[in-house]
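User: Could you take a close look at the largest pocket in this one? I'd like to know what lines it and how that part sits in the rest of the chain.

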Amino acid sequence: MKKNSKTDQTIVGHLTEVRKRLIISILAFVITVIIVFQFTEPIVQDMISKSNGMNFVYIEPTELFITFIEISLISGLIVILPFLLFQLWLFIKPGLKKNEKTGLAIALTAGLFLFALGSLFAYFIVVPMTTMFFMGFRFSNIPPMISFRSYFTYILSIVISFGIAFEFPILIIILTSIGIMKSSFLARQRKYILLIVLVIAAIIT
């Protein structure tokens, strides 16, 4: 009975901690989104500047408003993401050993940095390059009529794709550290792995 009582207390403690972290994270996210919404117009203007002269329309009465809300939510999430990861770290930290804490802290920090690096590379370099290419691909009998929401979705897909692609080094490190993939195998097959990476990069681009 005492054992069950201690187990129950542990479960209740974990649930209480989860609830606390969730409430803090949700409140911080909502406040951040409200603040970011005030700056949505400059964000949209910057996105338009990457379009190489595209003229945008919206085809539904609510489309522009909903797109602005989506931009606020995603921008708010980007701004608050380090804080959310820190809350996750505070929750799982007590149950980790010293070496696990160090490894996870490095993985989270490196993963966040690489995702941000990939996203910035996509937004500032890849998006202008690809829009320039697509704007040059025209047919005289088919005039472009691009909705701003579709353009936003296009940017978002590229940014997320490159952010995830830049996470591959962390994935490889994790797979080798837990024994699923061997470093000797990577060394032997590096030519083929490099070819696969180049093909994936070409497809994403």
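Analyst: Starting from the outside, the protein chain in this predicted model has an accessible surface of about 14,600 Å², and carbon and sulfur atoms account for 74% of that. Of its 205 residues, 22% count as buried. The fold runs α-α-β-α-α-β-α-α-α-α along the sequence, which gives eight helices and two strands.

Now the pocket itself. The largest one has a volume of about 740 Å³. It's lined by 22 residues, and the closest to its centre are Ile74, Ser75, Ile78, Ser119 and Val159. Four helices each put at least two residues into that lining: α2 (40-49), α3 (63-92), α4 (98-136) and α5 (148-165). As for chemistry, the lining splits into 19 nonpolar residues, two polar and one charged.

Some of those helices turn up again in the largest nonpolar core, a set of 16 residues in which Met47, Ile71, Phe148, Tyr151, Ile155 and Ile158 have the most contacts. Here α2, α4 and α5 are the elements giving two or more residues, with α5 supplying the largest share at seven. Phe148 is worth zooming in on: leaving out residues up to four places away in sequence, Phe148 touches Val44, Met47, Ile48, Phe56, Val57, Glu63, Leu64, Thr67 and Ile71.

Contacts across the whole chain reach far in sequence too: among those between residues at least 6 apart, 84% join residues at least 24 apart.

Conventions. Residues are numbered from 1 along each chain as its sequence is written. This is a predicted model: local features need pLDDT of at least 70, side-chain atom pairs count only at pLDDT 80 or more; totals for chains, interfaces and linings use all residues. Side-chain values use heavy atoms; hydrogens and water are left out. On a 1 Å grid over the protein atoms alone, a cavity is a set of points where a 1.4 Å probe fits but cannot get out, and a pocket is an open set with protein on both sides within 12 Å along at least five of seven lines; lining residues have an atom within 4 Å of a point. Grid points are joined across faces, edges and corners, and a volume is the space filled by probe spheres set on the points. Ala, Val, Leu, Ile, Met, Phe, Trp, Tyr, Cys and Pro count as nonpolar, Asp, Glu, Lys and Arg as charged, and the others, Gly among them, as polar. A nonpolar core is a set of buried Ala, Val, Leu, Ile, Met, Phe, Trp, Tyr and Cys residues joined through side-chain atoms within 4.5 Å. Buried means under 20% relative accessible area, exposed over 50%, partly exposed in between (1.4 Å probe, protein chains only). Contact means heavy atoms within 4.5 Å. Accessible areas come from the Shrake-Rupley method with a 1.4 Å probe; for residues, only the protein chains shown count as cover.
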